Amino acid sequence: MSATPGQTALPCRLVGGPHDQVSADALDDLVRTSVGEAGLDGQDVVLVIPDGTRSCPLPALVGTLHRHLSPVVRSLTAVIALGTHSYMEPDEIDRLLGVGGAGQPGSMEEAYPGLVVVNHEWADPDMLVEVGTIPAARIRELSEGRLDREAPIVINRRVVEADTAIVVGPVFPHEVVGISGGNKYFIPGIASQEFIDMTHWVGALITSTEIIGTTGITPVRAMINEGAAMIPTRRLALCCVVRSGTGDLEAAAFGTPEDAWAQTAQIAAQTHVEWLDEPMQRVIAVMPTRYEDIWTAAKGGYKTEPAIADGGEVVIYAPHVTEVSEVHHEIYDIGYHCRDYFVKQWSRFEHIHWGVLAHSTHLRGQGTYDADTGQEELRIRVTLATRIPEDVCARINLGYLDPDTVDLEALADEPGTTVIPNAGEVLYRVRPEGDGPVDARTTSSTGSTDVS
């Protein structure tokens with residue numbers, strides 16, 4: 001590895017805009033110009049790329065970067081930013097990058113000569129490096145009083161040992177950070193589980209309903225940015241806004257992760273948030289097969305819960321799903337509950353990975369818990385129409401609907417029912433009464449529960 005460069009200033013270049021379509025030539029020009037300005041000759045470069053749970057024309061993005069980087073860099077590696085998702089199998093990685101299918105290159109070497117593609121090995125301590133520690137007092141400040149403990153920042157070794165790391169991927173409304181993308185590909189994307197747990201739990205304390213879709217620097221993004229700044233590697237990003245369920249780019253920005261994210265987050269807030277005049281009573285969230293378990297398919301609930309009426313219901317329709325989580329088995333034991341269910345029984349749950357607790361609250365949504373009576377009151381009902389058995393659904397505090405009885409066409413005609421195809425990426429919210437167009441939200445004063 002050559003000497004680590006500093007965070008040299010790089011102009012942030014943007015192409016496209018809300019509901020636009022970026023051509024292959026425009027993307028190529030953006031990448032060619034930005035790579036030239038970045039001065040990456042002779043460097044070891046890592047691309048930090050998403051897994052298969054996002055709509056993203058990844059073959060086009062990686063192919064364009066590969067075309068302009070491979071002639072000038074010393075080495076080029078792509079690390080899949082799994083966070084704590086399941087490791088991707090070789091055939092899944094091939095599909096992710098457009099290899100082996102009809103009309104596609106037959107091998108990774110044929111498609112991207114010299115590129116090495118690996119999972120983020122978050123469960124392997126040998127592949128992680130501590131790059132610094134955020135003091136407890138600083139965590140308390142960044143989290144606006146929600147947590148008060150130090151945070152070691154532990155990052156994927158391949159990224160730490162590279163000269164430059166380039167985030168490559170889309171931005172969408174997100175239940176933990178507000179709007180995904182940018183430095184989120186470093187944390188949680190290629191970080192260790194401890195800080196992932198901390199950031200996710202801060203998001204849960206704020207609640208998904210409050211934070212999701214926020215374009216500003218939320219407390220969670222402030223923590224992520226602070227941790228990412230400790231990575232010694234130069235950080236750049238190609239952030240994109242992708243029309244959900246397609247490979248169409250609406251916008252792309254290349255610059256620092258902070259600048260590229262800020263440019264595209266504003267666009268995502270316009271194209272990926274649908275404002276309704278009235279709340280929905282019952283939602284059938286039809287989940288694409290890219291969501292392989294409830295751990296990821298729960299996004300159908302996250303993105304619709306804010307726009308469901310009190311006492312309403314969201315049905316996660318995913319007949320291909322057979323399990324809640326391949327990795328995080330604790331969810332079978334604790335089930336799905338609102339935030340206060342855990343906060344008001346903290347001694348009972350604090351030993352469980354906080355990311356698991358956060359996932360539980362994100363899907364179950366708003367509610368209250370009375371510690372004296374043990375009564376939990378939940379704002380909406382959450383039902384699974386999957387291959388997960390009815391008794392398991394009951395055990396994890398979710399409803400059950402036999403997916404074989406679901407007729408989507410008939411339900412679409414049923415009064416009070418809204419069928420949402422390709423759910424999980426577009427956020428639904430109810431427009432505040434009397435408001436005109438709504439854009440950014442703020443969470444600076446919400447959800448100030450402290451469990452530290």
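Two strands are taken to pair if DSSP finds at least two bridges between them. With that in hand, the central sheet of this predicted model is a convenient place to start. In strand β14, V315 stands opposite I284, and this match belongs to a parallel pairing of β13 with β14 (residues 308–317) that extends over six bridges. On β19, the residue opposite I284 is V419. I284 thus offers a handy reference point for a reader following the sheet on screen, with V315 in β14 as one partner and V419 in β19 as another.

The sheet to which these strands belong is open and has five strands, in the order β18-β17-β14-β13-β19, with parallel pairing. Its edges are formed by β18 (399–400) and β19 (417–420), each of which pairs on one side only. Strand β13, which spans residues 280–286, runs parallel to β19 and is joined to that strand by four bridges. Within this pairing, V283 faces T418 of β19. Side chains in a regular strand alternate between the two faces of the sheet. As for its surroundings, β13 is largely enclosed by the rest of the structure, because five of its seven residues are buried.

A second pairing has the opposite sense. Strands β15 (residues 367–370) and β16 (residues 375–378) run antiparallel and are held together by four bridges. T368 has E377 in β16 as its bridge partner. The two strands form a hairpin with four residues between them, and in this hairpin G374 adopts a positive phi near 70°.

Turning to the helices, α1 (residues 24–38) packs against α2 (residues 58–69) with an angle of about 40° and a distance of 10 Å between the axes. Angles under 35 degrees would count as roughly parallel; α1 and α2 are therefore oblique to each other. Their crossing is right-handed. The α1 side of the contact consists of L27, D28, V31, R32 and V35, which meet A60, L61, T64, L65, R67, H68 and L69 of α2. Sorted by class, this contact of α1 with α2 contains seven nonpolar, two polar and three charged residues.

Another helix pair brings together α7 and α16 (residues 354–364), whose axes lie 8 Å apart at an angle of about 30°. Helices α7 and α16 are therefore roughly parallel to each other, and the crossing of α7 and α16 is left-handed. From α7, the residues D197, M198, H200, W201, G203 and A204 meet W354, G355, L357, A358, T361 and H362 of α16. The class count for the contact of α7 with α16 is six nonpolar, five polar and one charged.

One residue of this contact deserves a closer look. A204, located in helix α7, has a relative accessibility of 1% and so counts as buried. Leaving aside residues up to four places away in sequence, A204 touches R339, A358, T361 and H362. Of these, A358, T361 and H362 are among the α16 residues that meet α7. Y291, by contrast, is 87 residues from A204 in sequence, and the C-alpha atoms of A204 and Y291 are 21 Å apart in space.

The loop that leads into α7 can be described in similar terms. S192 sits in this loop, between β9 (178–179) and α7 (193–206). With a relative accessible area of 9%, S192 is buried, since the cut-off for a buried residue is under 20%. Beyond residues up to four places away in sequence, S192 touches L128 and V154.

A final site lies in helix α10 (residues 257–271), where E258 is found. E258 counts as partly exposed because its relative accessibility is 29%. When residues up to four places away in sequence are not counted, E258 touches N183 and R235. E258 and F172 are 86 residues apart along the chain, and their C-alpha atoms are separated by 15 Å. Set beside one another, the single residues described here include A204, buried at 1%, S192, buried at 9%, and E258, partly exposed at 29%.

Conventions:
Residues numbered from 1 in each chain as written. Predicted model: local features only at pLDDT ≥ 70, side-chain atom pairs only at ≥ 80, totals over all residues. Heavy atoms only, no water. Axes fitted to C-alpha atoms, helices over the stretch in contact; angles between N-to-C directions. Parallel < 35°, antiparallel > 145°, perpendicular 65-115°, else oblique. Left-handed = near helix turned anticlockwise from the far one by under 90°. Contact = heavy atoms within 4.5 Å. Nonpolar A, V, L, I, M, F, W, Y, C, P; charged D, E, K, R; others polar. Buried < 20%, exposed > 50% of the residue type's maximum accessible area, 1.4 Å probe, protein only.
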